[in-house]
Amino acid sequence: MPAIISPGSQTTLAQLGLPESFTPAKLRLPTRMFPAEKKGEWEPCKIREIRSKKEKTKTDVVEDGSSDKKEDVDMLDVDEANGVKSLANGESRNEEDDEPLYEEDPYSEEGAVYPLKGGIVTNWPAFLALLTHVHNTLSPPFHTPILLIAQPAWTSHDHELLTQFFFEKFKTPAFCIMDSAMAVCYAYGIGTATVVDVGYEKVDITAVSDFVAHEVGRGVAISGYGGETMTQSLFELLGSKGWTRDMCEQLKKSNICEVLPQGTILPGEPQNDAQTITNPAAAAPTGATESGPRVTISDVDMRDDDPIIKDGEDNDGVLDVASIVASGKTAEFLARKEREKAERAAAKKAATDAANAVTKPTRLPNSKKDRNTFWYEERRHSHEDSDAVNESGRRATEPNGSKSGGDPKRQKTPEPEAEPGATSEAKGDAAGDIAMTEETEASRREKDKAARKEEKRRNKQQLLAESRDVLRKEIEVGVERFMAASGGILEGVADGIHRTVLAVEEVGKRGELWDSLVIVGNGSKVRGFKDALVAVLNSKYLISPSSATIFTSELPSNLSTPLATGANTPQPQLPGMSHSSNVNPLLLAATTASNPALNPAASVISHQHQQHNLHSSHGQTPTSIKLAKIPEYFPEWKDVGFEEALFLGAQVAAKVVFVVDQGISKGFMTRVEYNELGPSGIHECSL
Amino acid sequence: MSGVQSSSVPPGAQEYGGDEISALVLDPGYSSVRAGFAGEDVPKSVVPSHYGTIGPLDSPEVKYIFGDNSIHTPLPNLHIHNPMSKDGTVEDWDTATKLWEYAITSRLTNFKASNPAMNGLNDPPENGGNVEADIEASGEGEKPLEDNPLLMTETGWNSGKSRERSIEVAMENWGCPAFWLARNGVCVAFAGGKASALVVDVGVMRSPLAGNFISQQLRILFSTSNPQIPLIPHYLVASKTPVDAGAPAVATYRQFDTSIHDSFRRLEEERVLQEFKESVVQVWQGPGRLNSGQQGTTNEEVVKSWPGRPFEMPDGWNQVFGGERFRVSEGMWDAKMALTDPENPAPPQSQTIPALIQASLAAVDVDIRPHLLANVVITGGTSLLYGFTDRLNSELTQMFPGPRVRLSAPGNTAERRFASWIGGSILGSLGAFHQMWVSKKEYEEHGAGIVEKRCK
């Protein structure tokens with residue numbers, strides 16, 4: 001029953017155990033720590049000292065002075081009568097009145113330290129404290145192997161430090177570090193892919209071929225292109241209108257914020273203005289000929305597309321053309337018709353504008369609306385409120401999620417009450433009886449479902465309880481909501497992708513890499529981002545078939561070039577032949593043979609076959625750009641989207657490495673190996 | 001060095017010394033800096049040698065920009081430079097040091113990230129010697145390479161002064177415990193598994209007729225063809241539309257408020273040329289030269305009748321290149337065939353690849369020559385051009401009809417491009433090599449001059 005930890009710059013995902021059907025991460029914690037009272041120690045949330053003389057009758061106050069280590073935040077117990085919650089793990093105790101009291105403020109970010117910046121560990125003590133906190137929150141039993149998802153930006157030295165830390169601090173029996181791009185490939189079940197991970201402040205672009213990440217030319221932590229960049233550009237646009245950063249952040253996460261494909265005319269704006277804003281370059285003086293995506297659409301035409309107006313009024317009725325022509329007044333008639341049409345259009349325009357103003361446009365798609373609204377949640381700071389104490393229980397795993405770095409829409413998969421039971425069961429079969437574990441997991445999933453319903457109900461109650469703290473405001477916003485990506489993020493990421501793929505030495509592989517783009521990361525969650533990115537790639541980099549070779553390209557490519565001797569032709573290489581430092585793909589084939597859903601290697605083989613048939617007179621790439629197919633067999637992931645696919649991949653890998661393979665092919669490092677080789681031994685066996 | 005190569009007996013246990021060390025190998029070149037741990041098969045960190053600066057160069061507020069991630073973003077006042085000279089030696093030591101440090105610390109080892117007063121690392125550990133404290137302590141090093149010996153490569157014609165400079169950088173700036181300077185030719189031979197070899201290293205700049213020469217030839221080709229072929233780098237194009245071959249480009253261009261420096265544009269143009277070289281340029285593979293041939297026709301005529309290869313520029317302009325794509329590489333073999341323009345006269349005939357090989361073979365003892373010819377190792381990115389190996393083979397057999405000529409060129413592209421780093425990696429991980437290191441103590445005793453005495 002392995003534990004999986006995946007730290008990100010904003011949110012750290014973690015989970016203990018592998019459910020039968022892989023689910024999104026059970027535990028989502030913000031990647032931040034707060035300096036504790038004592039120097040050098042860290043707390044997972046803001047600790048405030050209060051000197052309350054209130055009589056504590058019902059509420060237990062958590063004493064959190066020196067260490068939070070033992071708390072289990074997930075074991076919430078709800079006192080439903082008064083909406084008060086307390087920690088139910090026996091750690092809490094009543095306080096003497098004269099001692100200082102401490103309370104946790106789960107929402108405050110005051111003094112927070114984010115130890116990961118742009119994927120790079122900037123504060124090791126805080127980062128290690130965070131890992132400790134995550135580990136304690138999971139509270140795995142002994143003999144739990146750990147899989148850690150590594151940011152691409154971590155250096156070899158970082159890997160060694162973490163190895164040492166995990167083995168010596170947590171006494172884990174087995175440990176494995178897996179690259180995040182590789183994890184995404186496992187999730188998608190493809191061995192060759194261009195993985196674009198849009199994070200908080202950075203984007204990672206990795207070309208993976210045959211389960212080997214190309215280190216050379218890899219776009220590691222390209223800073224300045226991420227979700228935060230988009231918030232920033234929204235803030236620049238709206239800041240002058242009295243918006244706060246938090247409002248921009250929530251706007252970005254709301255479903256009305258959209259990235260429209262380049263050159264799309266924004267609704268309700270005169271055409272020229274719209275263009276200069278979405279794509280400054282498009283309005284710039286161009287070269288020899290005017291061209292391209294600047295399709296001129298008149299205002300009237302655009303209105304015609306609107307579903308509301310398209311009530312058939314515009315198709316001038318059925319005309320007896322013959323009689324009109326025969327009457328010889330064609331020109332006159334047409335002129336009159338035109339005039340009528342224009343009048344009608346004008347009237348209609350006024351009508352829709354009015355309709356928009358009354359916020360009536362229910363049927364219009366967001367991208368056509370002038371203005372739209374979203375719910376903004378503001379958290380009131382009410383520390384002296386007695387409620388504040390209750391909140392301590394909710395803290396990091398705050399299910400509503402708006403502060404925990406996730407999407408507000410996404411509900412955290414609830415931690416079922418079954419958890420303590422499962423944990424103790426696991427303790428029982430610590431020796432690693434797989435069948436047993438899986439059985440219990442199945443039953444657990446059943447309980448999960450029941451628990452989820454329960455949880456939903458509870459969430460509602462919590463929401464009610466919270467409504468005292470949370471101010472919900474409906475905020476209206478104009479076309480600025482389409483400009484989140486106006487800061488050049490799409491172009492920057494596209495250039496990075498182009499650079500990364502062209503840095504792959506095997507020229508034959510590049511076509512395949514362009515055909516299997518994988519865009520993940522919560523930064524890419526903004527509506528329309530992926531499509532817009534692919535559109536930018538297509539319009540900037542796609543090589544169209546040359547009109548000059550339309551006939552010759554039918555010939556096999558080796559007719560146009562001298563037969564290669566092999567020595568100097570970049571040939572596609574068989575997996576595993578050229579690289580020794582990776583898990584043998586054959587291992588995957590062997591270990592996952594029983595479960596075809598887990599078998600990414602099978603698709604490698606089919607890709608290989610395709611490759612041999614490929615020919616093109618173009619040595620240049622890309623001749624086509626496609627997103628890789630989203631894996632179908634994970635129902636739980638479908639609802640939440642595959643932005644966090646790396647966690648899914650981590651579960652697949654954990655299953656393969658720890659359960660199926662059990663170390664035969666050195667997928668992980670055991671304690672024995674650690675004792676022998678030391679931390680640097682991790683390079684021998686990490687994924 | 002010869003001691004290492006001839007030792008066929010396994011070294012005694014005591015010779016291994018620090019078996020646990022993880023040596024770093026640094027292989028700087030004109031186009032990229034390769035760095036990685038000895039014993040690995042490809043360098044983990046490959047950083048372009050070009051770097052950017054923002055702001056006036058000599059002022060303290062100049063901002064340096066290193067690495068592929070950042071130097072390709074068009075920024076106002078961004079200037080692109082290269083600390084290396086065209087023959088692969090270091091020109092600007094201060095920046096080269098910074099660049100190498102970036103190459104090493106960004107991917108391989110850690111470097112102090114924050115101010116030591118602020119990051120909490122220097123606070124007295126209160127939890128007495130537990131793991132966290134140990135780890136904190138290990139991050140405390142003042143210098144990036146305090147526990148990694150460093151093996152650096154150099155060109156064969158590196159001056160004594162710059163050799164001394166490199167050990168100074170390693171010892172003083174980076175605090176390396178041990179250092180070694182290896183000739184990259186020797187490293188390539190190592191990577192090829194040869195004790196003696198004729199190394200033909202066709203990189204970007206090392207001989208005047210390498211990668212940049214072909215870029216230059218391409219530029220001349222583009223500017224002299226009629227109509228001129230536009231060389232518009234990607235960053236200037238917002239989007240493009242397919243056009244017929246040879247037709248003027250139809251694209252929307254990006255407009256910048258502030259002017260972008262020419263050096264940046266040149267760097268970006270190189271990227272396009274690089275793609276062109278990869279997908280279009282070809283070497284006439286022999287026999288004979290491009291302008292010779294049988295039965296009254298020249299090979300050039302033959303080549304022209306072959307189907308061409310199309311290339312599409314970033315702005316959508318595209319054309320099929322027939323004979324021209326052979327022509328641009330022919331100057332490497334035959335100076336008379338090089339394309340010229342007023343600024344770029346033809347290279348001297350003595351600088352062509354066959355002439356260089358001839359000259360270097362003439363410099364060695366006549367008895368060794370057949371042995372060397374049987375062990376020709378080819379490396380460098382430019383040697384990856386289509387037909388390069390065949391052509392070299394045909395030229396060599398023509399020049400030296402007697403002895404057997406055997407070329408060894410790794411088929412793996414990474415091995416071909418990074419052969420000298422790989423050789424260094426093999427060398428650095430050899431157990432027997434550990435006694436060769438110049439240790440910090442020796443350096444302190446004898447000064448920088450020790451590198452001249454030891455690293456031969």
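Okay, one bit of vocabulary before we start: two strands count as paired if DSSP finds at least two bridges between them. Keep in mind, too, that this is a predicted model.

So, chain A, and strand β1, residues 3-6. Which residue of β12(A) is the bridge partner of A:A3? That's A:I146. β1 and β12, the latter covering residues 146-150, run parallel and are joined by three bridges.

Now zoom out to the sheet. These strands belong to an open sheet of six in chain A, with mixed pairing, and the order is β3-β2-β1-β12-β13-β21. At the edges you find β3 (27-30) and β21 (669-670) of chain A, and each has a single partner strand, so one side of each has no neighbour in the sheet.

Let's stay with β13(A) for a moment. β12(A) and β13(A) run parallel as well, with five bridges between them, and A:I149 stands opposite A:M178 in β13(A). Is β13(A) mostly covered or mostly bare? Mostly covered: six of its six residues are buried. As a reminder, side chains in a regular strand alternate between the two faces of the sheet. Here both faces are covered, with A:A174, A:C176 and A:M178 buried on one side, and A:F175, A:I177 and A:D179 buried on the other. One thing lying across this strand is helix α2 of chain A, residues 156-170, which also crosses β1, β12 and β21 of chain A. α2 runs at about 150° to β13(A).

Next, a helix pair. For two packed helices, what you want is the angle between their axes and the distance between the axes. Helix α3 (residues 180-188) and helix α21 (residues 645-661), both of chain A, have their axes 7 Å apart and an angle of about 80° between them. That makes α3(A) roughly perpendicular to α21(A). Who's in the contact? From α3(A) you have A:S180, A:A183, A:V184, A:Y186, A:A187 and A:Y188, and they meet a set in α21(A) that includes A:L646, A:G649 and A:V652. By class, that contact of α3(A) with α21(A) has 11 nonpolar residues, two polar and no charged ones.

On to helix α14 of chain A, residues 489-502. With 14 residues at 1.5 Å a residue, α14(A) should span 20 Å, and its end C-alpha atoms are indeed 20 Å apart. All of it is covered up: 14 of the 14 residues of α14(A) are buried, so the rest of the structure largely encloses this helix.

Let me pick one residue to look at from there: A:L533, in helix α16 (residues 529-541) of chain A. A:L533 is buried, and its relative accessible area is 0%. What does A:L533 touch, leaving out residues up to four places away in sequence? The answer is A:L490, A:V493, A:A494, A:I497 and A:I519. Take A:V493: it sits 40 residues from A:L533 along the chain, yet their C-alpha atoms are separated by 8.0 Å.

Last, a quick look at chain B. It has 17 helices and 16 strands, and 52% of its 456 residues are buried. Among chain B contacts with a separation of 6 or more, 70% are between residues 24 or more positions apart. There's an open, antiparallel sheet of three strands here, in the order β5-β4-β6. Its edge strands, β5 (63-65) and β6 (78-81) of chain B, each pair on one side only, and the twist averages 30° from one strand to the next. Finally, β4 (residues 51-54) of chain B pairs with β6(B) over four bridges, and B:I54 has B:L78 as its bridge partner there.

Methods. Residues are numbered from 1 along each chain as its sequence is written. Chains are lettered from A and ligands numbered from 1 in the order in which they are written. Side-chain values use heavy atoms; hydrogens and water are left out. Helices (H or I, at least four residues) and strands (E, at least two) are DSSP runs, numbered from the N terminus. Contact means heavy atoms within 4.5 Å. Axes are lines fitted to C-alpha atoms, for helices over the stretch in contact, and angles run from 0 to 180 degrees between N-to-C directions. The expected span of a helix is 1.5 Å times one less than its number of residues. Buried means under 20% relative accessible area, exposed over 50%, partly exposed in between (1.4 Å probe, protein chains only). Angles under 35 degrees count as roughly parallel, over 145 as roughly antiparallel, 65 to 115 as roughly perpendicular and the rest as oblique. Ala, Val, Leu, Ile, Met, Phe, Trp, Tyr, Cys and Pro count as nonpolar, Asp, Glu, Lys and Arg as charged, and the others, Gly among them, as polar.
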